[in-house]
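This report walks through one protein chain for a reader who has not met it before. Please keep the sequence and the structure at hand while reading.

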Amino acid sequence: MEYFMDVELNVNELSIQMANKLLEYGALNVQVIQTQDKSKIAKRLVICTAQANPIAKKMAIELKEFFKPMIQSLHTDGMIKGEWIVIDYKDIIVHIFTKQARLKYNLEKLWKDSKSTTILEPNQLTIDSLCE
């Protein structure tokens with residue numbers, strides 16, 4: 001199975017598109033964290049908050065469906081409870097939390113030394129601003 005379906009898309013573009021889609025689906029406090037210098041697991045984390053478990057599940061399903069023609073997820077976890085859903089796209093890992101789970105696990109603190117960008121509305125983030 002090929003990881004990238006469209007070789008024109010790169011990690012920066014995909015992480016921005018994923019953040020924008022999550023905002024369109026109602027996500028709050030979306031962050032893109034650059035982890036490539038500190039982790040061999042992924043180059044980007046996209047973290048967001050959903051207002052409730054069913055909304056988190058719906059966001060995950062819609063995100064995977066939207067990006068399916070471009071990139072295949074390697075693994076998805078957390079769909080049963082919906083408190084913390086992880087979608088692994090190899091170089092990009094998406095974390096969809098409920099508010100309580102996000103406060104409890106506080107991934108941002110773990111990656112506090114990495115460059116992070118918070119996106120509050122769709123299309124606010126560009127490749128140039130992410131790479132600054």
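## A helix across the sheet

Helix 2 lies across strand 2 (44-50), strand 3, strand 4 and strand 5, and its direction makes an angle of about 10° with that of strand 4. The model in which this arrangement appears is a predicted one, and the account below should be read with that in mind.

The sheet itself is open and has six strands, placed in the order 3-4-5-2-1-6 with mixed pairing. Its edges are formed by strand 3 (75-77) and strand 6 (116-119), each of which pairs on one side only. On average, and with direction ignored, neighbouring strands of this sheet are turned by 15° against each other. Within the sheet, strand 4 (residues 84-88) and strand 5 (residues 92-98) run antiparallel and are joined by five bridges; for Trp84, the bridge partner in strand 5 is Phe97.

## The chain as a whole

The chain contains five helices and six strands, and when these are read along the sequence they follow the pattern α-β-β-α-β-β-β-α-α-β-α. Of the 132 residues in the chain, 46% are buried. The accessible surface comes to about 7,400 Å², and carbon and sulfur atoms account for 53% of that surface.

Contacts can also be sorted by how far apart the two residues lie in the sequence. Among the contacts between residues at least 6 apart, 62% join residues that are at least 24 apart.

## Two nonpolar cores

The largest nonpolar core has 26 residues, and the residues with the most contacts inside it are Met18, Leu22, Val94 and Ile96. Two or more residues of this core come from each of helix 1, strand 1 (28-34), strand 2, helix 2, strand 4 and strand 5. Helix 1 gives the most, contributing six residues. A second core, separate from this one, has nine residues, among them Ile33, Leu45, Ile47 and Ile93.

Ile96 shows how residues distant in the sequence come into contact in the main core. When its neighbours within four places in sequence are left aside, Ile96 is in contact with Leu22, Cys48, Ala50, Ala56, Met59, Ala60, Glu83, Trp84, Ile85 and Ile87.

## Three salt bridges

Side chains of opposite charge can pair when their charged atoms come close. The structure holds three salt bridges. In one of them the side chains of Glu24 and Lys21 meet at 2.9 Å, N to O, and because these residues are three apart in helix 1 (residues 11-24), about one helical turn separates them. Glu24 is partly exposed, with a relative accessible area of 46%, whereas Lys21, at 16% relative accessibility, counts as buried because the cut-off for burial is under 20%.

Another salt bridge brings together the side chains of Glu62 and Lys58, at 2.4 Å from N to O. Both residues lie in helix 2 (residues 53-67), four residues apart, which is about one turn of the helix. Glu62 is partly exposed at a relative accessible area of 26%, and Lys58 is partly exposed at 49%. The remaining salt bridge joins the side chains of Glu108 and Arg102, again with an N to O distance of 2.4 Å, and here both Glu108 and Arg102 are buried.

## Residues in the loops

Ile80 is found in the loop between strand 3 and strand 4, where it is exposed, with a relative accessible area of 79%. Although Ile80 and Asn53 are 27 residues apart in sequence, their C-alpha atoms are 9.4 Å apart in space.

Most residues other than glycine have a negative phi. Which residue in the loop between strand 4 and strand 5 has a positive phi of about 75° although it is not a glycine? That residue is Lys90, and it is partly exposed, with a relative accessible area of 41%. Asn106, also a residue other than glycine, has a positive phi near 45°. Its place is in the loop between helix 3 (99-105) and helix 4 (107-110), and at 32% relative accessibility Asn106 counts as partly exposed.

Definitions and conventions:
Residues are numbered from 1 along each chain as its sequence is written. This is a predicted model: local features need pLDDT of at least 70, side-chain atom pairs count only at pLDDT 80 or more; totals for chains, interfaces and linings use all residues. Side-chain values use heavy atoms; hydrogens and water are left out. A salt bridge is a side-chain nitrogen of Lys or Arg within 4 Å of a carboxyl oxygen of Asp or Glu. Buried means under 20% relative accessible area, exposed over 50%, partly exposed in between (1.4 Å probe, protein chains only). Two strands pair if DSSP finds at least two bridges between them. Axes are lines fitted to C-alpha atoms, for helices over the stretch in contact, and angles run from 0 to 180 degrees between N-to-C directions. Contact means heavy atoms within 4.5 Å. A nonpolar core is a set of buried Ala, Val, Leu, Ile, Met, Phe, Trp, Tyr and Cys residues joined through side-chain atoms within 4.5 Å. Accessible areas come from the Shrake-Rupley method with a 1.4 Å probe; for residues, only the protein chains shown count as cover.
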